[in-house]
Amino acid sequence: MSSRKTVAVVGLGYVGLPLAVSLSNRRKVIGFDVDHARINDLRKGIDHTGEISSQKLGASTLQVTDELADIKEASIYIVAVPTPVDAQNKPDLTALEKASKTVSSVLCKGDIVVFESTVYPGVTENICGKILEENSGLKCGQDFHLGYSPERINPGDKVHTVESITKIVSAQNPHTAEELKDLYGSMNGGNIFIAASIQVAEAAKVIENAQRDINIAFMNEISQIFTKLNLSTFDVLEAASTKWNFLPFTPGLVGGHCIGVDPFYLAECARQINHYPQIILAGRSTNDSMPHHFADQLYQTMTSRFAQPGKLLVLGLTFKENVPDLRNTKVADLIMSLKNKGYQMDVVDPRADPKEAMDFYNIALIKEKDLKNRAYQGIVLAVSHEEFKEFKPTFLKTILDKDGMVFDLKGFWRHTKISEEIPYWTL
Ligand SMILES: NC(=O)c1ccc[n+]([C@@H]2O[C@H](COP(=O)([O-])OP(=O)(O)OC[C@H]3O[C@@H](n4cnc5c(N)ncnc54)[C@H](O)[C@@H]3O)[C@@H](O)[C@H]2O)c1
């Protein structure tokens, strides 16, 4: 029965590692990743994503490896590799295809291959299944079976973890679906939903994120309208949210690996069947315009205070609050837009890795302790990390020019003394 089968998790990132650690409490799990540095770190108990503590990693029975031979003994393979978009915003399935090829070389009769990577309907069976079949010489749906189980966890979220959320599973046949229900259910108290098919599960995941993107795009559009009307968007939202069915979304930058990417997967799938998606792509375009919108707002506001663009301090670089994840952060676009307007920038982010900031974006992070007596024209709160709650107006005044002001893109300091004591802009 499945409880004796060894599991291999392929791709030990934000999704794969927490899953592998949790499953390893129930059965033998081997984690495989092509990134040697990642494997070395994990062996030392270091998870740079911040999802799993050293203590938890040390206590787990998870074995990690970058050697393919080590996962040969597995009978269930779970693939959690990145599914980004390319420069034209088209799905880039390279990692998924490579991982499928890797698994195909160790695949045996009776094995199950489950994909967790976010894709559009059809990818698991028509692309990954074919690669697995061609390279292994085994027949898909007969010698081995496919499953798809989308991941819903949210970087940095310690409440909605793999052990606490409803997990969707799907498979090529009811028997495999039951095995997966058993496997994943051992992790979360049986909180499993079996989707009608693999394509249904793929579609469910991609629309969950597209829905969020579209809702945020609506918030961003109304914020652009209210700025022109000289109305506070946050005041409007506070009033509207007293209605029982008003949805609690907020405007802002939409970056990262999921919300800003997955709608393009849905759009590509639509195009392949000759449907040109309007709402989905309009949402993407509105959200992607926000860095430039914020840069324009700042520039216009500052022209009444300073004759020339000068130096700004940007607080936060990661794609969202309280995580170290810099992937696809739109703060980088904001910084670029401000640079193009003539500003110079210092950037502080207590969560981000300075080396990654340099490698990904050519941005040299500075430390908060080095912020002394600098005459910034503006302080831009771009990401609401907990650490920035500690900032006091007295401190900010010491690093601001006498005519300087605070741009709070998140409304984070809205109800604090900072908004009362320093010239303050928010939506
Ligand atoms: N990050 C999230 O919170 C989240 C949430 C839901 C779904 N997802 C989806 O899950 C998938 C994985 O995302 P992630 O955030 O964990 O990515 P990640 O970049 O954090 O981790 C992916 C890992 O896979 C490894 N890898 C890449 N190619 C490989 C290969 N061929 N063989 C073995 N390992 C390989 C990388 O080295 C990396 O360690 C994506 O499809 C993503 O859209 C992510």
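In the predicted model, Thr233 is in contact with Ile222, Ser223, Phe226, Pro251 and Leu427, neighbours within four places in sequence being left aside. Thr233 belongs to helix H8, which spans residues 233-240. With 21 other C-beta atoms within 10 Å, Thr233 meets the threshold of 20 or more and is therefore classed as buried. One of its contacts, Pro251, lies 18 residues away from Thr233 along the chain, and the C-alpha atoms of the two residues are separated by 8.5 Å.

An open sheet of 8 strands is present, with the order E3-E2-E1-E4-E5-E6-E7-E8 and mixed pairing. Strand E3 (63-65) and strand E8 (192-194) occupy the edges; each has a single partner strand, so one side of each is left without a neighbour in the sheet. From one strand to the next, the twist averages 25°.

Strand E6 (residues 145-148) illustrates the mixed pairing, being joined to strand E7 (residues 167-171) in the antiparallel sense over 2 bridges and to E5 in the parallel sense over 4 bridges. Gly147 takes part in both pairings: its bridge partner in E7 is Ala171, while on the E5 side Gly147 is the bridge partner of Val114. The connection from E5 to E6 passes through helix H5 (residues 123-136), and this β-α-β crossover is right-handed. Both faces of E6 are covered, with His145 and Gly147 buried on one side and Leu146 and Tyr148 buried on the other. Helix H6 (residues 174-188) lies across strand E4 (76-79), strand E5 (112-115), E6, E7 and E8. Relative to E7, helix H6 runs at about 160°.

The ligand is surrounded by 29 residues, of which Gly11, Gly13, Tyr14, Val15 and Ser117 are the closest. By residue class, this shell comprises 14 nonpolar, 9 polar and 6 charged residues. Helix H4 (residues 94-104) gives the most to the shell, contributing 4 residues.

Methods
Residues numbered from 1 in each chain as written. Predicted model: local features only at pLDDT ≥ 70, side-chain atom pairs only at ≥ 80, totals over all residues. Near = placed C-beta within 6 Å. Nonpolar A, V, L, I, M, F, W, Y, C, P; charged D, E, K, R; others polar. Pairing = 2+ DSSP bridges. Axes fitted to C-alpha atoms, helices over the stretch in contact; angles between N-to-C directions. Contact = placed C-beta atoms within 7 Å. Buried ≥ 20, exposed ≤ 12 C-beta atoms within 10 Å, placed from the backbone. Right-handed = clockwise from strand over helix to strand, strands pointing away.
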